[in-house]
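Subject: Handing over a structure and some notes on its salt bridges

Dear colleague,

I am passing on the structure below, together with some notes that I hope will help you find your way around. Please keep the model open while you read, so that you can look up each residue in turn.

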Amino acid sequence: MVRATIHDVAAAAGVSVATVSKAVNGRYGVAPDTAVRVLEVVADLGYESSLIASSMRSRRTGVIGVLVADFEPFSAEILKGVAVGLRESRYDLLAYSGSRQGDGEGWERRSLSRLSGTLIDGAIMVTPTVVNVTADVPIVAVDPHTGRADLPTVEADSRGGAHEATAYLIGLGHRRIGFVAGRPDLKSSRLRDAGYRDALSAAGIPFDPTLVRVGFYDAATARDAASELLAQRNRPTAVFAANDLSAISIIEVARHLGLDVPGDLSVVGFDDVPEASRLAVPLTTVRQPMQSIGQTAAKMLTALMAGEPLSATHVLLPTKLVRRATTAPPRVGHR
């Protein structure tokens with residue numbers, strides 16, 4: 001099908017192109033019956049005015065951009081929350097994943113320069129590598145790289161959640177507890193590492209660096225990390241993973257090695273993505289309120305765009321340990 005143009009609408013309605021433009025944009029100077037006729041033709045032909053052209057005229061697009069490094073379970077849940085947060089607003093949602101040239105550092109600046117001012121009125125950046133950015137539109141950061149910096153931020157209590165997960169494993173009787181960390185560049189990953197160490201220290205268990213590997217929040221890298229941990233002669237009896245994708249990879253490696261989960265190895269994740277509860281052995285994990293994070297970020301951003309003051313510029317939401325089937329006390333003599 002050929003896309004209808006403003007000239008097609010004008011011809012079908014028997015009016016000028018200028019009249020169509022005024023009717024579509026609700027401007028003064030068109031008789032009510034003429035405006036109704038034009039809008040009926042617009043609906044019949046499926047005409048849509050150019051978003052870029054409209055934004056150049058009005059300096060507003062009615063669109064909020066959510067910028068993500070990748071479309072993976074965490075960012076997908078954030079997007080769902082943003083959509084809920086915008087449901088009662090007049091804004092549409094644009095999900096955007098730009099090119100991550102080289103190591104990906106600074107992808108946000110490139111994406112913002114392409115989108116702000118012509119395609120979006122505001123932006124939510126999810127797990128950005130940098131937060132000291134300037135743009136022509138208001139910005140809110142979710143799970144930021146370096147922390148609060150200059151932008152409003154929303155995140156979950158990563159340190160507290162990691163502490164609770166590790167303390168739970170200790171309470172079950174585990175003493176050799178491995179940790180598969182996330183992306184070293186993200187604040188959330190460093191806080192989960194700190195929470196893990198806090199819990200060990202509180203229980204009087206010395207930190208053992210041989211029980212720690214970096215999984216980068218990536219399933220394939222986490223599989224390699226798990227293979228190294230579980231190949232040790234004195235392997236861990238439990239592993240806490242910095243995200244659920246890594247935890248699922250650990251379970252896959254354990255089964256490949258003939259280890260029973262949770263009989264031989266307890267596993268705890270972090271996030272509570274939908275896949276966590278759908279596993280054959282549902283995953284014990286730390287639930288961070290991902291959709292609430294997205295919804296909160298959306299509310300903060302729309303307030304900023306309306307020129308309203310924020311009640312808080314840096315929001316920390318609580319986590320909750322969800323006990324499922326991948327954790328159990330260690331076998332006798334294997335603590």
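The notes that follow are about salt bridges and the residues that form them.

Please bear in mind that this is a predicted model. The structure holds 11 salt bridges, and I describe some of them here.

A good place to begin is the pair Arg183 and Asp185, whose side chains meet in a salt bridge with an N to O distance of 2.7 Å. Arg183 has a relative accessible area of 14% and therefore counts as buried, since buried means under 20%, whereas Asp185, with 23%, is partly exposed.

You could turn next to Arg213 and Glu228, which form a salt bridge whose closest N and O atoms are 2.6 Å apart. This pair links distant parts of the chain, because Arg213 lies in strand 7 (residues 212-214) and Glu228 in helix 9 (residues 219-230), 15 residues apart. Glu228 is partly exposed, with a relative accessible area of 44%.

Helix 9 also holds Arg223, which forms a salt bridge with Glu252, the closest N and O atoms being 3.3 Å apart. Here too distant parts of the chain are linked, with Glu252 in helix 10 (residues 244-256) and the two residues 29 apart. Arg223 is partly exposed at 33% relative accessibility, and Glu252 is partly exposed as well, at 41%.

Finally, Asp272, Arg287 and Arg324 are joined into one network by salt bridges that share partners.

Best wishes

Notes
Residues are numbered from 1 along each chain as its sequence is written. This is a predicted model: local features need pLDDT of at least 70, side-chain atom pairs count only at pLDDT 80 or more; totals for chains, interfaces and linings use all residues. Side-chain values use heavy atoms; hydrogens and water are left out. A salt bridge is a side-chain nitrogen of Lys or Arg within 4 Å of a carboxyl oxygen of Asp or Glu. Buried means under 20% relative accessible area, exposed over 50%, partly exposed in between (1.4 Å probe, protein chains only). Helices (H or I, at least four residues) and strands (E, at least two) are DSSP runs, numbered from the N terminus.
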